[in-house]
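Hi,

Here is the structure I promised to pass on. Have a look at it first, and then read my notes below.

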Amino acid sequence: MALQPIYIPHLLHLPNRTQTLIIDENISGLETLTPVRGTITVRHGGTFLEAIVKAETILTFICDRCTQHYNHRLSLDASELIWLDKDADIPQKFPQEREIALEDLSESLSPEGHFDVEKWLYEQLCLAFPLRRLCSNDCQPPAEGSSETVTNLDSRWSALEILKRQLSQ
């Protein structure tokens, strides 16, 4: 069963205006080896929502250096304040180019709307992906001889291979 969106006004009627969800499922659009497991706590703070997640899963990545597949345990411990603004659902027309102040870089939802828990969790997990994906600290790049294998797989590299041969002569 997918995580259901939370109707924001319902949070006001809960103890401490807080709802805690137990997660033990696969997230749509995210291929993982194990279900995402953990908790999400959503608290209504009057003019904002506070979302807190502690979760983990295992993903398969391709090493940036040796191009081998490897498994990576992703642990997530994140929180975010989402402002409640009655005008958040009204489409605004902005010029294509404009300067944005740092304080304007925030999420906002309508206080009468829904908080999409699964979408928010997906975004938080993607933000937690490692920037450099290395299978190990002592990972070595492929040997020199293996470049021919890559060249045969993609003909677009043939011109570069010819130039490489000319330069080595």
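Let me start with the rings. There are four aromatic pairs in this model, which is a predicted one. One of them is Phe48 with Trp83, an edge-to-face pair with 5.9 Å from centre to centre and 75 degrees between the planes. Phe48 sits in strand 4 (residues 48-62) and Trp83 in strand 5 (residues 69-84), so this pair ties together parts of the chain that are 35 residues apart in sequence. How do the two partners fare for burial? Phe48 has 17% relative accessibility and counts as buried, because the cut-off for buried is under 20%. Trp83, with a relative accessible area of 38%, is partly exposed.

Another pair is Phe61 with Phe129. Their ring centres are 5.3 Å apart and the planes stand at 75 degrees, so this one is edge-to-face too; the angle has to be over 60 for that label. Here the link runs from strand 4, where Phe61 lies, to the loop between helix 2 (117-127) and helix 3 (147-153), where you will find Phe129, so parts 68 residues apart in sequence are tied together. Both Phe61 and Phe129 are buried. Add Tyr70 to these two and you have one aromatic cluster: Phe61, Tyr70 and Phe129.

Now the sheet. It is an open one of five strands, in the order 2-3-4-5-6, and the pairing is mixed. Which strands stand at the edges? Strand 2 (18-25) and strand 6 (108-109) do, and each has a single partner strand, so one side of each is left without a neighbour in the sheet. For strand 2, the pairing with strand 3 (residues 36-44) is antiparallel and covers eight bridges. If you want a spot to look at there, Ile22 is opposite Thr39 of strand 3. Helix 2 lies across strand 2, strand 3, strand 4 and strand 5, and it runs at about 125 degrees to strand 5.

On to the charged side chains. The count is five salt bridges. One of them joins Asp24 and Arg37, at 3.0 Å from N to O. This pair links distant parts of the chain, with Asp24 in strand 2 and Arg37 in strand 3, 13 residues apart. Asp24 is partly exposed at 49% relative accessibility, and Arg37 is partly exposed as well, with a relative accessible area of 43%.

Asp77 and Lys54 make another salt bridge, at 4.0 Å from N to O. Asp77 is in strand 5 and Lys54 in strand 4, so the pair ties together parts that are 23 residues apart in sequence. Is Asp77 buried or exposed? Asp77 counts as exposed, at 58% relative accessibility, because exposed starts over 50%. Lys54, at 49%, counts as partly exposed.

Then there is a salt bridge within a helix: Glu161 with Arg165, both in helix 4 (residues 158-168). The closest N and O atoms are 4.0 Å apart. The two residues are four apart in the helix, which means that about one helical turn separates them. Glu161 is buried, with a relative accessible area of 14%.

That's what I have for now. Shout if anything is unclear.

Cheers

Note on methods:
Residues numbered from 1 in each chain as written. Predicted model: local features only at pLDDT ≥ 70, side-chain atom pairs only at ≥ 80, totals over all residues. Heavy atoms only, no water. Phe/Tyr/Trp six-rings, centres within 6.5 Å; stacked < 30°, edge-to-face > 60°. Buried < 20%, exposed > 50% of the residue type's maximum accessible area, 1.4 Å probe, protein only. Pairing = 2+ DSSP bridges. Contact = heavy atoms within 4.5 Å. Axes fitted to C-alpha atoms, helices over the stretch in contact; angles between N-to-C directions.
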